[in-house]
Amino acid sequence: MARTQVGIVGAGPAGLLLAHLLHRRGIDTAVIDNRPRAVIETIIRAGVLEQATVDLMHEIGVGDRLVREGAVHHGFVLRFAGASHRIDLTALTGGKYITVYPQHEVLKDLIAARLAAGLDVRFGVRNTSVHGLDGGRPSIRFTDADGQAQALECDIVAGCDGFHGICREAIPAAARTEYHRVYPFGWFGILAEAPPSSDELIYARHARGFALVSTRSPTLQRMYFQCPPDERPEAWSEARIWDELDARTQGAGFRVKHGPIVQRNVVAMRSFVCEPMRHGRLVLAGDAAHVVPPTGAKGLNLAAADAFVLARALAAYFADGSEALLDAYSATALRRVWRVQHFSWWMTSMLHRFDGTGAFDERRQLAELDLVTGTEPGRRLLAETYVGQPFG
Ligand SMILES: Cc1cc2nc3c(=O)[nH]c(=O)nc-3n(C[C@H](O)[C@H](O)[C@H](O)COP(=O)(O)OP(=O)(O)OC[C@H]3O[C@@H](n4cnc5c(N)ncnc54)[C@H](O)[C@@H]3O)c2cc1C
């Protein structure tokens with residue numbers, strides 16, 4: 001049986017960042033993922049990186065392309081009641097900003113660096129299972145891409161396998177508590193070949209529902225609008241999609257720039273937390289333990305924060321057997337998780353149309369938006385939370 005110190009299930013942001021951070025501390029890791037590398041490197045997801053996530057990429061030596069190709073944003077725009085309100089992130093936070101750099105580009109950088117260092121990462125595995133977490137010898141079993149059965153003995157198993165992974169389920173139901181909120185809508189996302197419509201992200205609240213205008217590159221734009229959770233993207237013509245985006249965003253001289261739509265999908269909206277994030281020799285990180293709706297742009301950043309806290313705890317454990325930080329991992333990570341849950345729920349509740357809640361709720365939303373754009377404390381709270389706090 002092969003052996004490693006930390007066996008990592010999942011080569012998403014949580015798993016790969018953790019693997020790099022542990023490698024830098026001289027800890028041996030192996031990473032497995034059930035998706036092929038080509039799929040991992042092309043699926044479009046998050047794109048907003050907090051400063052702390054960017055700093056982490058630099059710390060592990062993979063920040064160069066991000067600096068060259070990422071776009072620094074010093075603010076974003078909230079649009080409601082026909083007017084735009086800029087949130088000046090840098091002025092309100094004493095110099096902080098966010099960087100727009102797509103998640104799959106982050107993953108390309110992390111995978112390339114791991115392979116260049118000759119470290120173990122296996123894609124396209126099947127039948128993953130985890131064993132011996134409660135005191136036996138922990139191990140991960142899987143079928144590799146060549147169809148060979150493999151077993152990996154580990155000191156610690158890190159479940160970084162996302163919301164639909166298998167690691168969370170390995171914690172006995174009686175030993176975990178799960179908190180769910182499923183929103184009664186989804187996000188219809190498009191990727192369009194067009195020039196940017198705006199230098200900064202635009203979050204729009206409209207009576208027809210939420211819309212987000214974001215950018216990927218000088219020629220490729222990502223936009224979203226609120227839709228029913230079971231919407232079928234292929235049922236929409238391009239003209240209907242642009243009409244909907246125009247209706248929710250245009251006015252006061254602004255109109256999104258149209259172009260051929262090259263990708264479309266519907267994203268589910270949920271809030272989820274599993275407590276605790278450690279059980280015996282198993283630790284959870286990222287979406288395996290918590291999911292936020294994308295409105296606050298926090299999912300990837302939260303996965304990075306988990307990896308940071310967990311790497312520090314595992315470094316202490318492997319240095320001298322001290323379990324104090326490992327024991328504290330779940331509570332430390334969950335404190336940030338719940339704050340971010342609050343922020344993501346708040347942004348979602350402030351900007352989306354909730355059918356059946358009536359005119360009162362609409363007026364309340366507008367009052368809340370007025371508070372966060374029209375007062376200094378409101379703007380500051382929004383800006384500070386959006387750019388994020390340091391991980392350590
Ligand atoms: C469609 C979509 C759109 C999103 N958009 C945004 C956004 O705009 N902004 C934002 O901040 N966040 C967004 N998110 C959330 C963000 O992408 C996630 O929070 C982030 O990917 C979490 O990273 P992770 O490493 O924890 O999990 P993941 O990225 O899900 O990675 C988990 C990995 O584990 C692997 N895996 C799963 N099961 C197994 C198994 N049994 N064996 C081996 N490997 C396994 C998976 O293949 C995957 O590669 C979006 C998420 C989705 C699904």
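Helices here are DSSP runs of H or I with at least four residues, numbered from the N terminus, and a residue belongs to the shell around the ligand if one of its heavy atoms lies within 4 Å of it. With that in hand, welcome to a predicted model in which helix 8 provides the largest share of the ligand shell, 3 residues. Below you will find the ligand site, a small set of paired strands and the second largest pocket, in that order.

**Around the ligand**

- The shell holds 27 residues, and Asp33, Arg35, Gln103, Thr128 and Asp287 are the ones that come nearest to the ligand.
- By class, these shell residues split into 12 nonpolar, 9 polar and 6 charged.
- Helix 1, spanning 13-24, and helix 8, spanning 299-320, each contribute at least two residues to the shell.

**Polar contacts with the ligand**

- Thr128 places a polar side-chain atom 2.8 Å from a nitrogen atom of the ligand.
- Arg35 has an N or O atom of its side chain 2.9 Å from an oxygen atom of the ligand.
- Pro13 takes part through its backbone, where an N or O atom lies 3.1 Å from a ligand oxygen atom.
- How much of the ligand's accessible area does the protein cover? On its own the ligand has 1,000 Å² of accessible area, and the protein covers 87% of it.

**A sheet of three strands**

- Strands of a sheet pair through backbone hydrogen bonds, in either a parallel or an antiparallel sense.
- In this model, an open sheet of 3 strands runs in the order 3-7-4, and its pairing is antiparallel.
- Strand 3 (48-49) and strand 4 (71-73) are the edge strands, each with a single partner, so one side of each has no neighbour in the sheet.
- Strand 7, made of residues 98-100, pairs with strand 3 in the antiparallel sense over 2 bridges.
- For a residue-level view of this part of the sheet, look at Leu49, which stands opposite Thr99 in strand 7.

**The second largest pocket**

- The second largest pocket encloses about 460 Å³ of space.
- Its lining is made of 21 residues, with Arg335, Arg336, Arg339, Val340 and Gln389 lying nearest the centre.
- Which helix gives the most to this lining? Helix 9 does, with 9 residues.
- Helix 8 and helix 9 (324-351) each supply at least two residues of the lining, and helix 8 also supplies at least two residues of the shell around the ligand.
- The lining of the second largest pocket counts 10 nonpolar, 5 polar and 6 charged residues.

How values were computed: Residues are numbered from 1 along each chain as its sequence is written. This is a predicted model: local features need pLDDT of at least 70, side-chain atom pairs count only at pLDDT 80 or more; totals for chains, interfaces and linings use all residues. Side-chain values use heavy atoms; hydrogens and water are left out. A polar contact is a pair of N or O atoms within 3.5 Å; within protein, one must be able to donate a hydrogen and the other to accept it, and residues adjacent in sequence count only if both atoms are side-chain atoms. Accessible areas come from the Shrake-Rupley method with a 1.4 Å probe; for residues, only the protein chains shown count as cover. Ala, Val, Leu, Ile, Met, Phe, Trp, Tyr, Cys and Pro count as nonpolar, Asp, Glu, Lys and Arg as charged, and the others, Gly among them, as polar. Two strands pair if DSSP finds at least two bridges between them. On a 1 Å grid over the protein atoms alone, a cavity is a set of points where a 1.4 Å probe fits but cannot get out, and a pocket is an open set with protein on both sides within 12 Å along at least five of seven lines; lining residues have an atom within 4 Å of a point. Grid points are joined across faces, edges and corners, and a volume is the space filled by probe spheres set on the points.
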